[in-house]
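Thanks for making time this morning. I would like to walk you through one structure, going from its overall layout to a few local details of the backbone.

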Amino acid sequence: MRALAARPPRGDDARAAAAGLAAGTATVGVGALAAVLTGPTGDPLVAVGGAFVDATPPWLKDWAVATFGTADKLVLGIGEVVVLAVLAAAAGVLARRRWASGAVLVVALGGLAALAATTRPDAGVLAPAPALLGAGGGLLALRTLLARLPAPARRAPAGGPEASGPDRSDTAGGRVVPDRRTFLRATALVTAAGVVATVVGRAVASGARGAAAARASLRLPPPARPAPPPPSGVDVGVAGVEPWATPVADFYRIDTALVVPQVDPATWRLRVHGLVEREVEIGWDELLAADLVEAWVTLACVSNPVGGDLVGNQRWLGLPVREVLARAMPTTEADMVLSRSVDGFTASTPLEALTDGRDALLAVAMDGAPLPPEHGFPVRLVVPGLYGYVSATKWVTELEVTRFDRADAYWTVRGWSPRGPVKTQSRIEVPRPGADVRAGDVVVAGTAWAQHRGVTQVQVRVDDGPWQDADLAADGGVDTWRQWRWRWPDAPAGRHVLSVRAWDPDGPQTAVPAGAVPDGASGYDTLVVEVA
Ligand SMILES: Nc1nc2c(c(=O)[nH]1)N[C@H]1C(S)=C(S)[C@@H](COP(=O)(O)O)O[C@H]1N2
Ligand SMILES: [Mo]
């Protein structure tokens with residue numbers, strides 16, 4: 001019974017946990033505000049998230065993308081907040097019992113976040129400051145709130161913790177102990193201040209306003225070589241098939257950036273160096289003054305599962321990369337270009353794919369407008385035929401001409417293949433899974449892609465039957481995807497499995513199922529239909 005009596009009442013732990021949560025919010029707020037000193041990647045939550053993303057093994061990245069798709073960042077952010085909340089509450093409870101133990105936890109977390117901040121590619125000397133200032137602010141808040149904890153509830157025989165009355169001031173050892181309302185008010189105030197500081201700090205530190213203003217006032221030159229209008233009939237004319245031209249707002253977004261890098265075109269420069277006869281640097285005005293070309297290119301992510309939607313088709317405007325490379329003159333030993341973005345991401349693109357005449361672009365526009373910030377404003381790479389992770393560097397600022405046996409790109413060191421040609425793929429989009437399908441003639445339709453080789457045929461199979469030729473929509477070019485449709489005559493009632501396969505000039509896509517790691521998923525997309 002003595003041990004029981006010595007244990008602090010539950011309500012006190014709950015209040016200490018609340019104080020911890022409030023102090024945690026203050027920590028985040030001070031950190032976010034202080035990130036004005038460092039830029040957004042110094043924000044402790046962003047820094048820890050960024051370090052976590054960089055440490056993500058390929059299976060985990062693949063799982064996250066397959067499970068959450070383009071919401072993976074949101075899920076990471078929520079996970080981070082949940083973990084932090086648990087730790088903050090624990091720090092509050094610990095600190096109430098022994099100040100030092102709670103304080104050690106706060107300092108350790110601040111230290112870890114500071115360390116994470118120093119690993120960010122754009123980290124300067126001030127990088128650890130926001131995390132450390134945040135931890136300091138958190139300690140102060142915690143101390144202040146714990147000093148306002150209400151008097152420990154009395155143990156009335158049957159009344160429980162509140163038996164001494166809900167809002168009484170009390171004295172403990174001659175000291176005036178604040179009442180519960182004072183404590184709650186202080187806790188709410190600290191929490192609110194933390195939230196406001198976070199919102200304000202994030203908005204200011206991101207620099208988003210400046211870049212958005214620069215983007216809004218941009219006037220792009222007309223292309224020296226416009227893309228031919230897509231032939232009529234690229235659309236196969238079946239409702240429910242994804243549009244041939246992906247609306248920019250629906251274009252998938254995949255990158256490691258937890259805050260979208262904000263790059264001012266006025267200060268943007270591209271440096272071309274490495275195994276070259278001479279280094280070349282070009283700025284924004286020079287880029288826009290060059291002869292820009294337009295091309296329709298279908299971009300695909302290596303993490304796209306069979307049947308998945310991490311693929312999109314758009315009209316890009318940009319300077320052919322080969323023209324910049326021609327000025328720099330790569331030496332004969334070079335076989336790769338390592339492109340690098342402002343946020344440290346790198347991609348290894350075979351030199352050949354950038355010089356063989358295909359529309360590999362330093363792109364400045366998508367669908368006739370400046371790139372949206374999340375798609376790489378002001379300049380990104382687009383290379384037909386290669387997955388994005390080895391070619392499509394957004395916010396690009398550097399091209400290092402090098403060799404595959406000398407340098408590794410971001411995803412290569414994380415277990416993905418150094419080269420990533422897009423695998424020929426096809427998917428069924430109509431009927432949708434679970435759609436109401438009646439016996440009789442059934443229209444089956446979808447999209448296929450084989451970038452830079454071209455889709456030459458699509459075939460559909462019902463159960464284990466023979467492969468049957470689908471009708472192809474008009475061809476928008478070898479670098480774009482192609483829609484198809486097939487009429488399933490007299491579909492009999494019952495459960496059936498439809499499979500699809502695309503052909504390129506080298507033959508049919510492989511039937512061998514493979515996951516995305518290390519060089520892209522393969523196998524047939526299938527659809528189970530219940531014909532009624
Ligand atoms: N800077 C940067 N560029 C990047 C990435 C990245 O993580 N960082 N991801 C690449 C990957 S994996 C893909 S699939 C494409 C996606 O381009 P999108 O987001 O415009 O669709 O961008 C590529 N460019
Ligand atoms: Mo990707």
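**Loops, helices and domains**

Let me begin with a small detail, which is that Pro 431 sits in the loop connecting β13, residues 425–430, with β14, residues 440–449. The peptide bond leading into this proline, from Val 430 to Pro 431, is cis, with an omega near -5 degrees. Please keep in mind throughout that what you are looking at is a predicted model.

Stepping back to the whole chain, the domain assignment gives domain 1 at 12–206, domain 2 at 248–414 and domain 3 at 425–531. Between the C-alpha centres of domain 1 and domain 3 there is a distance of 51 Å.

Turning to the helices, UniProt, in an unreviewed entry, places the feature "transmembrane region" at residues 74–95, 102–119 and 125–146. In the model, residues 74–95 are 100% helix and 0% strand, with their end C-alpha atoms 31 Å apart, while residues 125–146 are 82% helix and 0% strand, with 34 Å between the end C-alpha atoms.

How do α5 and α6 pack, in terms of angle and axis distance? Helix α5, residues 72–97, and helix α6, residues 99–118, pack at an angle of about 150 degrees, and their axes are 5 Å apart. Since angles over 145 degrees count as roughly antiparallel, that is therefore how α5 and α6 run relative to each other. On the α5 side the contact is made by Leu 87, Ala 90, Ala 91, Leu 94, Ala 95 and Arg 97, which meet Trp 99, Ser 101, Gly 102, Leu 105, Val 106 and Leu 109 of α6. By class, the residues of this contact are nine nonpolar, two polar and one charged.

Further along the chain, the unreviewed UniProt entry annotates residues 259–410 as "domain: Oxidoreductase molybdopterin-binding". This span is 12% helix and 38% strand in the model, and its end C-alpha atoms lie 18 Å apart.

As for aromatic pairs, the structure holds twelve. One of them is the edge-to-face pair of Trp 268 and Trp 284, with 6.5 Å from centre to centre and 85 degrees between the planes. Trp 268 belongs to the loop between α9 (208–216) and β3 (269–274), whereas Trp 284 belongs to helix α10 (residues 284–289), so the pair ties together parts that are 16 residues apart in sequence.

I will finish with the backbone, where most residues other than glycine have a negative phi, and most peptide bonds are trans. Asp 367, which is not a glycine, nevertheless has a positive phi of about 55 degrees, and this residue is found in the loop between β9 (361–366) and β10. A cis peptide bond also joins Phe 377 and Pro 378, with omega about 5 degrees, and Pro 378 lies in the loop between β10 (369–370) and β11 (380–382).

Terms used: Residues are numbered from 1 along each chain as its sequence is written. Chains are lettered from A and ligands numbered from 1 in the order in which they are written. This is a predicted model: local features need pLDDT of at least 70, side-chain atom pairs count only at pLDDT 80 or more; totals for chains, interfaces and linings use all residues. Side-chain values use heavy atoms; hydrogens and water are left out. Domain bounds come from an automatic or database domain assignment. Axes are lines fitted to C-alpha atoms, for helices over the stretch in contact, and angles run from 0 to 180 degrees between N-to-C directions. Helices (H or I, at least four residues) and strands (E, at least two) are DSSP runs, numbered from the N terminus. Angles under 35 degrees count as roughly parallel, over 145 as roughly antiparallel, 65 to 115 as roughly perpendicular and the rest as oblique. Contact means heavy atoms within 4.5 Å. Ala, Val, Leu, Ile, Met, Phe, Trp, Tyr, Cys and Pro count as nonpolar, Asp, Glu, Lys and Arg as charged, and the others, Gly among them, as polar. UniProt positions are given in the numbering used here, feature names are shortened, and annotations may be inferred rather than shown by experiment. Rings of Phe, Tyr and Trp (its six-membered ring) pair if their centres lie within 6.5 Å; planes under 30 degrees apart count as stacked, over 60 as edge-to-face and the rest as tilted.
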